[in-house]
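Open the model in a viewer and keep the selection panel at hand. The stops below go from one side chain outward to its surroundings.

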Amino acid sequence: MAKTKAAKGRYWRAHLRCVGVLLVIWFVTSFGCGILLRDWLDENFPSVGSAPFGFWMAQQGSIISFVLILLGYKFWMERIEADLEHDEEEVK
Amino acid sequence: MTQDTWNFIFIGLSFALYIGIAVRQRAGSTSEYYTAGGGVSPFANGMATAADWMSAATFISMAGLIASKGFDGAQFLMGWTGGFVLLTVLMVPFLRKFGKATVPDFIGERYYSKGARGVAVVCAIFICLTYIMGQMNGVGVVFSQLFGVSLAQGVVIGSAVVFFYAGMGGMKGITYTQVAQYTVMAFAYTIPAVFIAIAMTNNVVPQLGLIGEYTAGEEAVPFLEKLNRINTDLGFEEYTSGKLEKIDLFCITAALMCGTAGLPHVIVRFFTVKDVKSVRKSACWTLTFIAVIYLTAPTIGAFSRVNLIESLNNSSYEKAPEWFKDFEKTGQMAWVDKNDDGVIQFHGPGHSKNGTDSVFVVTSTVKKPIYPEDSAPEEQRVGKYGERILANKTDLSNPNELWFGNDIMVMANPHMAGLPKWVIALLMAGCIAAALSTAAGLLLVLSTSISHDLMKKIVKPDMTDQEEVKYARAASFVALTVAAYFGINPPSTFIAKTVAFAFGLAASSFFPTLLMGIFSRKMNKEGAIAGMVAGIGFTLSYIIYFQFLGGTKAQYLFGISPEGIGFLGMIINFLVAFTVAKFTPAPPKEVTDLIDNVRYPGGKETAAQDH
């Protein structure tokens, strides 16, 4: 029982880490690049085609990042869940 | 064949398809009515969710909004797609694991109180109603343009169709119709964009065309540069520069994101798949499908704006293209010859001393062109050059003569690019699909909120399954009637604006409450209820004050407009909830067990059909 509890605790922490990391990326690509740092990025980053970088991030880049974030979430969570199952089997 | 014939064929076929699917898939039990029995494949659910998501406002007005707002339009692009990330990683896997049919169900059990459930039901009904009004209005706009009927008649026809297949078919019926609707929408949106991208930038992919070169002119120039130059020549802001303060843009985007993550009609869509694993898979599909449309929207907006200006500005009315006259008839475009030279002149706010560009005097009640009665003598209705005369008072403080609504960028896009008639008909079918699919999803949440959460759980717990479905159908009829009324008399001019408020309200109520319900084991019912009431109360009064009671820009709190205030409302919700929870008793053990259960996969996975 105690072991299951520990495994579940590990699982929840791994889960929170996964969500945390992805949300940081989410914030940086959208609010960060698209709004807060937009002007600086326009000046200092290479243009995408003829679009300044910050502008491009706000209109297209962020959306592409979001799709990638969700893909990452799917694979990462599947790995965490596989670990949990593995742990639980050891207990049994 | 005429355009009307094509329209009838395309729309007729799509309706036959939707209704055919709904009849085949109609729901028999509550579980099929609420969650389609929980056995939809992740791919199909992904498509259906994308259709649910893509409202009429998104489909018809977003491209135009982005075209006129330029960089600031990113609030919609990032807001609505970014919110989906929040929804997927913070909400749906847990709510799916919980396994009940509605969002108020979760709130009711997690906060062990009928009061919390009641507040959640009221919030759900309110949000869905605000949102569905915009949809019904969108349906009305399309129908009125298509068949030459009035807006009111258009709304009534649309409501009848939605009621028929959403009210009858329940979740099972609408899921498969939404799959068909997404397909129609995706083609209707991207095909004109591809054609126009080829014509203007010689690039098959519109997204690359936007950041590529404009090749339709004498020499190739970067497209965005061309657009900026056109804008500044006419006295508008550069397309790539924004007008909004950073803090306001930040808050609006955040409110849209969090609101999106709290939208009940999108959350319940994920209750239709088998398990938590399928939820994540389905979410990937959904966002991919949504991204197809969202990445196309700015390109349509930008291309049509250039096209519109090139084909209308400084051309004489008599030589103006036929489509302009068609849209004049439907009241979606208007021209007032202020300097009496027979030539259409389009100017931005930069060309007038007081910084306005309104064609006619805009008041809080009159924001659109109004026209003399049909019975008025002809010289009051038709001008010297054959133009349609407005009954509005002309605004002579600026030189701008051309008025058009935001929806014109999508609606007139194929006309402007000279695309074949079937493309226009497809676009019409797409507009209707967008409005119907979202309206159906919302209607379902509205009806289940009333039948399940209100009637079954609070008022009359001994109801049978069949009775509950009957209540759900009756409730959807009532909800639709209310929505249709407000669709005909919308409280705000821009369709998208109406929707934006629904997001603010969702951001300040559902999102924080659900989030705390999952991630905080200490949050109790007193805290949650106080937070919800404070959040939505604050947001609602702010919106009402500035929308209806004549609040001015100078009075904005921290410079945040009513569209962005939901973000602040959300923070207030969190603060109030945690403060109250600190001084009131902790939640009982059953509830912490429930939280533990939704957090972990496996174990007792409650099937969606249990109530």
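Leaving aside neighbours within four places in sequence, which residues is B:F84 in contact with? Select B:F84 in this predicted model. From chain A there is A:L70. From chain B there are B:W53, B:T260, B:V266, B:F270, B:A283, B:T286, B:L287 and B:I290.

Next, widen the selection to the largest nonpolar core, which has 223 residues. B:F84 is one of the members that touch the most others, along with B:I107, B:Y294 and B:F324. Colour helix 8 of chain B, residues 151-201: with 19 residues, this helix gives the most to the core. A second core, separate from this one, has seven residues, including B:A334, B:V336, B:V359 and B:W403.

Now show helix 3 (residues 42-53) and helix 13 (residues 276-312) of chain B, whose axes come within 7 Å and cross at roughly 45°. The two helices are therefore oblique to each other, and their crossing is right-handed. To see the contact, select B:P42, B:F43, B:N45, B:G46, B:M47, B:T49, B:A50 and B:W53 on helix 3 of chain B. Facing them on helix 13 of chain B are B:S278, B:K281, B:S282, B:W285, B:T286, B:F289, B:I290 and B:Y294.

Last, go to helix 19 of chain B, residues 465-488. Its 24 residues reach 35 Å from first C-alpha to last, close to the 34 Å expected. Buried residues in helix 19 of chain B include B:E468, B:A472, B:A475, B:A479, B:A483 and B:G487. An α-helix has 3.6 residues a turn, so residues three or four places apart point the same way.

Conventions. Residues are numbered from 1 along each chain as its sequence is written. Chains are lettered from A and ligands numbered from 1 in the order in which they are written. This is a predicted model: local features need pLDDT of at least 70, side-chain atom pairs count only at pLDDT 80 or more; totals for chains, interfaces and linings use all residues. Side-chain values use heavy atoms; hydrogens and water are left out. Helices (H or I, at least four residues) and strands (E, at least two) are DSSP runs, numbered from the N terminus. The expected span of a helix is 1.5 Å times one less than its number of residues. Buried means under 20% relative accessible area, exposed over 50%, partly exposed in between (1.4 Å probe, protein chains only). A nonpolar core is a set of buried Ala, Val, Leu, Ile, Met, Phe, Trp, Tyr and Cys residues joined through side-chain atoms within 4.5 Å. Contact means heavy atoms within 4.5 Å. Axes are lines fitted to C-alpha atoms, for helices over the stretch in contact, and angles run from 0 to 180 degrees between N-to-C directions. Angles under 35 degrees count as roughly parallel, over 145 as roughly antiparallel, 65 to 115 as roughly perpendicular and the rest as oblique. A crossing is left-handed if the near helix is turned anticlockwise from the far one by less than a right angle, and right-handed if clockwise.
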